[in-house]
Amino acid sequence: MAPPALAGGAMRNASLLAYPPYVHEEGLKYLFIAVAGYCAPPAVAAWDCVPCAKADRAIGGRGLSVRAVFRAGGVEFRGFLATAPGLIVVSFRGSETLLDYLLDINVQRAAPYPGCDDCRAHSGFLDAWRALNASVGSAVLAAVADDPGANLILTGHSLGGALALLAALDLHLVRRIAPTAVYTFGAPRVGNPALARFYAARAAAGQWASWRVVHRHDVVPHLPPHDLLAFWLGRFAHAPREVWYDSSADPHGHTTCAQDDGEDPGCSRGLPFWRLSVKDHYRYLGEAAGDAACVAAAA
């Protein structure tokens, strides 16, 4: 039997849904945790920031506690692991300079992805994940050992979304730990179509939900290009499943896109390039994303 329609959202290919439907309130919860990574590292470590407080309210006042902070090369703050009873969340920090990076043709190269003969991943994203792999894996193993029945959620905005996807694959393939769900917001394409299919197959095998949330005309999910310059760069493609917030009037209004096609032409993939927007990258689910998320609203 097909799952029920979403409140406030349409569903494409509903009969193909293999896991519980996307729920706006759950997405909002993990958006707050994703954008907390943009705040000052001491504030994040103390869980004392604007999105930190919003996240605590969204999860019912259980109160998250940060157990680990991740730094690339031991210096650059790249994310954190936080826990509450029954919940483990790994959040990867985005980058305010990601758009400039993605538009630089010299860095848009694809590199082989280990364990999948035909799979290729964006070399910059793969390098960024490898710099965090050991510390994230150790922190997740320790948290799962302390609370074996907890839900494990991976989340991130922008570059953080790309890292969350690579982390899910690595945890499942190497650590033998499957997340409960992955929520990404404004994430770029991570690899080629083979990698997108490989990720979808692993998510099905590990039984985790994977939600790729896109706000209206956000340009970043359209990068690196799907077809343009494919001969030079290699073709990039998204893994399913997209949730497209396509309404400017209703921050709750969304479409759950095709389960078996991360490039569903009926969703954001169908937008012409001249309608794409940088501004839409910094506003998700009616909330600020990026550095602005850490600034308290004026009284």
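How much space lies in the second largest pocket? The pocket holds about 260 Å³. The structure in which it is found is a predicted model, and the paragraphs below lead from this pocket to the chain as a whole and then to its enclosed spaces.

The second largest pocket is lined by 18 residues, and those closest to its centre are Glu26, Ile153, Thr180, Ala181 and Tyr183. Two or more lining residues come from each of helix H1 (24-35), strand S7 (151-157), S8 and S9. Helix H1 gives the largest share, namely three residues. By character, the lining of this pocket comprises 11 nonpolar, four polar and three charged residues.

The protein chain around this pocket contains nine helices and 13 strands. Of its 299 residues, 56% are buried. Among contacts with a separation of 6 or more, 71% are made by residues 24 or more positions apart. The chain has an accessible surface of about 12500 Å², and carbon and sulfur atoms account for 55% of that surface.

Attention may now turn to the interior. Rolling a probe the size of a water molecule over the atoms shows where empty space is left. In this structure there are two cavities of 30 Å³ or more. The largest cavity has a volume of about 160 Å³. Its lining consists of 18 residues, of which Leu165, Val190, Arg212, His238 and Ala239 are the closest to the centre.

Four elements each contribute at least two residues to the lining of the largest cavity: helix H7 (159-173), strand S8 (181-185), helix H8 (193-206) and strand S9 (209-215). Helix H8 provides the largest share, with three residues. Strands S8 and S9 appear in this list, and they are also among the elements that line the second largest pocket. The lining of the largest cavity is made up of 11 nonpolar, five polar and two charged residues.

The second largest cavity has a volume of about 40 Å³. Its lining is formed by Arg189, Arg212, Pro221, His222, His238, Glu242, Gly262, Glu263, Ser268 and Arg269. Arg212 and His238 belong to this lining, and both are also named among the residues closest to the centre of the largest cavity. The lining of the second largest cavity divides into one nonpolar, four polar and five charged residues, whereas that of the largest cavity has 11 nonpolar and two charged residues beside its five polar ones.

How values were computed: Residues numbered from 1 in each chain as written. Predicted model: local features only at pLDDT ≥ 70, side-chain atom pairs only at ≥ 80, totals over all residues. Heavy atoms only, no water. 1 Å grid on protein atoms, 1.4 Å probe; cavity = no way out; pocket = protein on both sides within 12 Å on 5 of 7 lines; lining within 4 Å. Points joined across faces, edges and corners; volume = space filled by probe spheres on them. Nonpolar A, V, L, I, M, F, W, Y, C, P; charged D, E, K, R; others polar. Buried < 20%, exposed > 50% of the residue type's maximum accessible area, 1.4 Å probe, protein only. Contact = heavy atoms within 4.5 Å. Areas by Shrake-Rupley, 256 points an atom, 1.4 Å probe, with all protein chains shown as cover.
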